[in-house]
Amino acid sequence: MTERLYYTDSFLTEFDARVVRAEDGRTRIVLDRTAFYPTSGGQPHDTGTLAGVPVVRVEDADDEIVHVLAAPLPESGTAHGVIDWPRRFDHMQQHSGQHLLSAVFDQLFGYRTASFHLGSAASTIDLDTASIAPGELAAAERRANELVWQDLPVRVSFEDSRQAEGLRKEAAREGLLRIITIEGVDRSACGGTHVRSTGQIGVVLVRKTEKIRGMTRVEFLCGGRAIARARADYEALDRTARLFSAALEDVPAAAAGALEQAREAEKTRRRLALELATLRGKALYDACAPEDATGLRIHVERLAQGPPGDEIRAMAQSFCAAGDGLFIAASASPPSVLFACGQNTGFQAGARLKAVLEQHGGRGGGAGQMAQGSLPSAELLDAVIAALLQR
């Protein structure tokens, strides 16, 4: 059994221990005691060094903790461990902040925390409610920070599960429980690492929410992470304000105005592009000599990439408007074909294209005068075009 030193002192950064077992070429080490926290309860493992060798992973194996090293542990019966303190303290801020925020959501709105995840960039809690109003998020964030400013004690105790009272969430296990108490605010069974007072959480910043499996996931950051994120947000907003030559508080209105202008400009561009395509289709028709005795006018448009879109369809309609035109647009990437025909050609575009494509492993179809489809390979385009024009 490994003695878990972090249970009683999360601020312990160095320790000495006896090597109980070494496996996999002395890269998986079990000690008689450790300050390294293993991945558990939504909190990632600690990193650091053991006898100078980097610890890359820490696993909880029932009563033992396994330290996975980047290289073999030197031959010795003992080892000196050093915890990566910045990473540890960051995790302590996030985890203690989670207890505080979960308690606040519960007390203010009755929303219970179903799960917690401490990520490398942000942390989340899943609350048992389908939605949360923006005002509720702001109120919970404000209340959590008020409790941070009060610098309330955060204490660790060990209590029998049958006698532990006032827990925010019923403990899933029986026997001796490790209880984390935020004075006057929260009591929760937890094996993670925590700060000594709410003031050490630093600040609580609620970022965003998303719906997930009938619940609401809330993203938040605490302490150093919150400060770094706030700085990054400010700098991004400041750069945006400079682009608009606007004050920070005027950026949303300036962005909304620019977006509306862009929408209108895009509408105008598309309208003009369709008009141009229509004119081009007529110009192609006028420049196209009738084919032999049939009198049909045929044009094949080769596209650089992309399936035929609205502009190509407008061109095809214009080309075929006089009634005696056959228009084919072919794209190699992705392999696709558009087939259009005038009313007087005797062709049914949808039926003809569907039949030809099926013969070549493709699929598609459409109406009598215009159809579109795809092919498994660009190498088949020439054969499809020839088959479509065969009379």
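In this predicted model, the side chains of Asp 286 and Lys 282 meet in a salt bridge, with N and O 3.1 Å apart. Asp 286 and Lys 282 are four residues apart in helix H4, and therefore about one helical turn separates them. The structure holds 32 salt bridges, and the pairs described below include some that join separate elements of the chain. Helix H3 is then considered through its length, its buried residues and the elements that cover them.

**The salt bridge within helix H4**

- Asp 286 is partly exposed, its relative accessible area being 47%.
- Its partner Lys 282 also counts as partly exposed, because its relative accessibility is 48% and this class lies between the limits of 20% and 50%.

**Salt bridges between elements**

- Arg 155 pairs with Glu 183 in a salt bridge whose closest N and O atoms are 2.9 Å apart.
- Arg 155 belongs to strand S11 (residues 154-160), whereas Glu 183 sits in the loop between strand S12 (176-182) and strand S13 (186-189); the pair therefore ties together parts that are 28 residues apart in sequence.
- Arg 155 is partly exposed at 45% relative accessible area, and Glu 183 is likewise partly exposed at 37%.
- A further salt bridge joins the side chains of Arg 269 and Glu 311, with an N to O distance of 3.7 Å.
- Because Arg 269 lies in helix H4 and Glu 311 in helix H5 (residues 310-320), this pair ties together parts that are 42 residues apart in sequence.
- Both partners are partly exposed: Arg 269 has a relative accessibility of 42%, and Glu 311 has one of 37%.

**A salt-bridge network**

- Salt bridges link Arg 207, Lys 208, Glu 219, Arg 229 and Asp 233 in a network.

**Helix H3**

- Helix H3 comprises 22 residues (residues 223-244) and, at 1.5 Å a residue, should span 32 Å; the C-alpha atoms at its ends are 32 Å apart, so the expected and modelled spans agree.
- Gly 223, Arg 225, Ala 226, Asp 238 and Ala 241 of H3 are buried.
- Two helices, H1 (85-109) and H4 (251-287), are among the elements that cover the buried residues of H3.
- The cover also includes strand S9 (113-118), strand S10 (123-127), strand S14 (204-212) and strand S15 (215-222).
- Ser 245 follows H3 and has a positive phi, near 55°.

Notes
Residues are numbered from 1 along each chain as its sequence is written. This is a predicted model: local features need pLDDT of at least 70, side-chain atom pairs count only at pLDDT 80 or more; totals for chains, interfaces and linings use all residues. Side-chain values use heavy atoms; hydrogens and water are left out. The expected span of a helix is 1.5 Å times one less than its number of residues. Buried means under 20% relative accessible area, exposed over 50%, partly exposed in between (1.4 Å probe, protein chains only). Contact means heavy atoms within 4.5 Å. A salt bridge is a side-chain nitrogen of Lys or Arg within 4 Å of a carboxyl oxygen of Asp or Glu.
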